[in-house]
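Visitor: I have a structure to look through with you. Could you guide me?

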Amino acid sequence: MSNVLAVLEQRDGALRKVSHEVVTGARRLADALGGSVEALVLAAGAVRGAEQVGRFGADKVITLTNAAFGLYAPEGYARAIAERVKSGTYGVVAFAASATGKDLAPRVAARLGRPLAQDVTDFGVEGGAVTVTRPVYAGKALLKLKITGAPALISLRPSVFTPVERPKAGAQETAAAGGSAGRVVVKQIKAAEAGTLDVAEAPIIVSGGRGLKEPANFKVLEELAAAFAGRAAVGASRAVVDAGWRPHAEQVGQTGKTVSPTLYVAVGISGAIQHLAGMRTSKVIVAINKDKDAPIFKVADYGIVGDLFEVVPKLTEEIKKTHG
Amino acid sequence: MKIAVCIKRVPDSETRVKIASDGKSLDEAGVKFILNPYDEFAVEEALRRKEKAGSGEVVVIALGPAAAQETIRTALAMGADRGILLQSDRIPLDGLEVAQALAAEFKGAGFDLILFGKMAIDDYNHQVGPMVAELLDLPCVTTVAHLEIDGGKGVAEREIEGGVEVVEFPLPAVLTTDKGLNEPRYPALKGIMAAKKKPLEVKTVSLGGGGLELLALTPPPERKEGKIVGEGAAAVPELVRLLREEAKVL
């Protein structure tokens with residue numbers, strides 16, 4: 001019961017980057033348990049990039065194919081994964097805490113009759129049992145749990161487990177999965193504008209609040225995000241989402257997304273407690289605000305006090321130089 | 001349409017979290033409890049579906065302590081018809097335990113829709129809805145931000161990274177709701193008065209321990225004191241230098 005099954009994700013037949021993080025986390029756990037890492041991806045056919053995950057520590061990569069598995073098929077995927085888990089001897093099954101992973105993991109857990117720890121940010125092995133840490137109350141507290149019995153089902157918060165190269169064999173195996181997609185059928189994915197990153201997965205987030213004064217002014221943030229050459233997403237505070245200035249998908253905070261990017265730039269955001277909770281686990285926080293007493297400066301690593309409409313364009317210019 | 005909505009009593013999102021002396025729980029002194037914000041979208045959606053159908057019933061169900069009756073009354077004041085409290089002093093950490101108790105309640109009850117908020121803002125478990133669906137062998141779509149139902153079929157949209165998934169499903173089904181699905185109504189005075197007279201059934205449930213053991217609840221690590229780099233646009237070059245050379249994030 002010391003092997004780790006890492007459940008990977010693909011879209012349009014290509015492996016999603018978050019899968020590298022899952023394999024990286026799985027490798028760490030497998031090393032602590034003294035087992036191997038099997039990576040599993042479900043798809044309609046061969047998955048581009050699946051051959052790469054040996055680099056991050058997968059001993060074996062299994063592609064389970066089914067004509068109905070091109071797009072996410074919640075019931076078909078859950079059934080196939082649960083069967084795989086039952087047929088093996090896994091100590092841990094690790095998912096990404098992505099939109100798909102958070103939907104899929106509970107289904108697999110219920111089928112296996114096992115508990116699930118979602119959105120895990122740290123883990124360990126104590127006395128042979130897996131322990132996990134996960135943020136609760138939107139990150140205002142951390143819950144440390146011991147998972148008794150096996151397998152331990154966990155999903156890993158995106159952007160936390162930075163991919164680390166740990167080359168292993170990564171032996172490729174393909175098997176056909178039987179059955180249908182199930183009753184719940186994903187008909188299509190309506191793609192967001194090309195090049196837009198999701199705040200939940202972006203390594204850099206440029207977030208705006210009421211200080212932007214009006215919706216059109218978010219253009220200065222979009223320009224700053226663009227200067228990071230495809231690495232940054234635009235985020236928003238609850239106030240501006242509730243006011244209808246920005247879409248819900250961008251909201252950071254307790255009733256939005258809790259994020260952990262490498263760099264979080266808070267612009268014109270005073271720092272309500274529910275917002276701070278959602279972004280305080282960012283690696284580096286920069287705050288730009290005209291009010292030097294704004295609570296956001298209490299959590300920021302670096303602050304600039306000033307008019308954002310002067311500071312942000314200057315920052316965009318400087319970042320462009322860095323990336324130029 | 002017969003619709004069940006599962007709701008939870010949670011601390012207000014503005015709560016300053018203080019850890020109790022046992023080091024394992026929230027100090028509830030002075031904490032204001034509310035209806036979980038994501039559940040408001042579920043209650044609202046149920047009411048709209050019933051109104052559109054012209055007939056039916058909306059039943060709200062909570063698992064929690066006696067005080068959760070108040071939370072149920074809030075949903076009744078919004079317009080739900082009756083409430084059920086599965087009373088338990090302790091809400092298990094293990095979402096599967098909660099799902100099993102709810103599934104037992106729903107078995108054979110003949111609901112067309114069972115709605116949940118996508119997650120509770122206290123434990124962030126993000127799992128009970130789809131677990132209940134699996135236990136009852138019902139189709140399920142999570143984090144629904146747009147919904148159309150026509151007869152026995154539904155089409156839901158859910159946000160994923162970089163896009164929106166369009167999902168078809170048959171009824172009866174379990175759905176979990178996301179922000180954006182609707183704009184929840186505030187209970188009117190008339191609704192609040194009416195809610196006092198609506199049926200609320202209390203059933204005591206005994207829950208298993210589950211497979212999760214709580215080791216500790218701790219405050220997040222303090223962020224080290226930051227610095228004000230300077231004022232205005234003139235401070236930007238120094239900020240960029242610090243991000244590159246000190247923080248090494250550029």
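Guide: Gladly! Two residues are in contact when their C-beta atoms, placed from the backbone, lie within 7 Å. This is a predicted model, in which local features need pLDDT of at least 70, side-chain atom pairs count only at pLDDT 80 or more, and totals for chains, interfaces and linings use all residues. Residues are numbered from 1 along each chain as its sequence is written, with chains lettered from A and ligands numbered from 1 in the order in which they are written.

Visitor: Which residues does B:Gly232 touch, not counting those up to four places away in sequence?

Guide: Look in the loop between β13 (227-231) and α6 of chain B, where B:Gly232 is found; helices (H or I, at least four residues) and strands (E, at least two) are DSSP runs, numbered from the N terminus. With that sequence window left out, B:Gly232 touches A:Gly306, A:Asp307, A:Glu310 and A:Val311.

Visitor: Is B:Gly232 buried, exposed or partly exposed?

Guide: A residue is buried if 20 or more other C-beta atoms (placed from the backbone) lie within 10 Å of its own, exposed if 12 or fewer, and partly exposed in between. B:Gly232 has 14 other C-beta atoms within 10 Å, so B:Gly232 is partly exposed.

Visitor: At what angle do α8 of chain A and α6 of chain B pack?

Guide: Axes are lines fitted to C-alpha atoms, for helices over the stretch in contact, and angles run from 0 to 180 degrees between N-to-C directions. Helix α8 (residues 308-323) of chain A and helix α6 (residues 236-245) of chain B have axes 9 Å apart, and they pack at an angle of about 45°.
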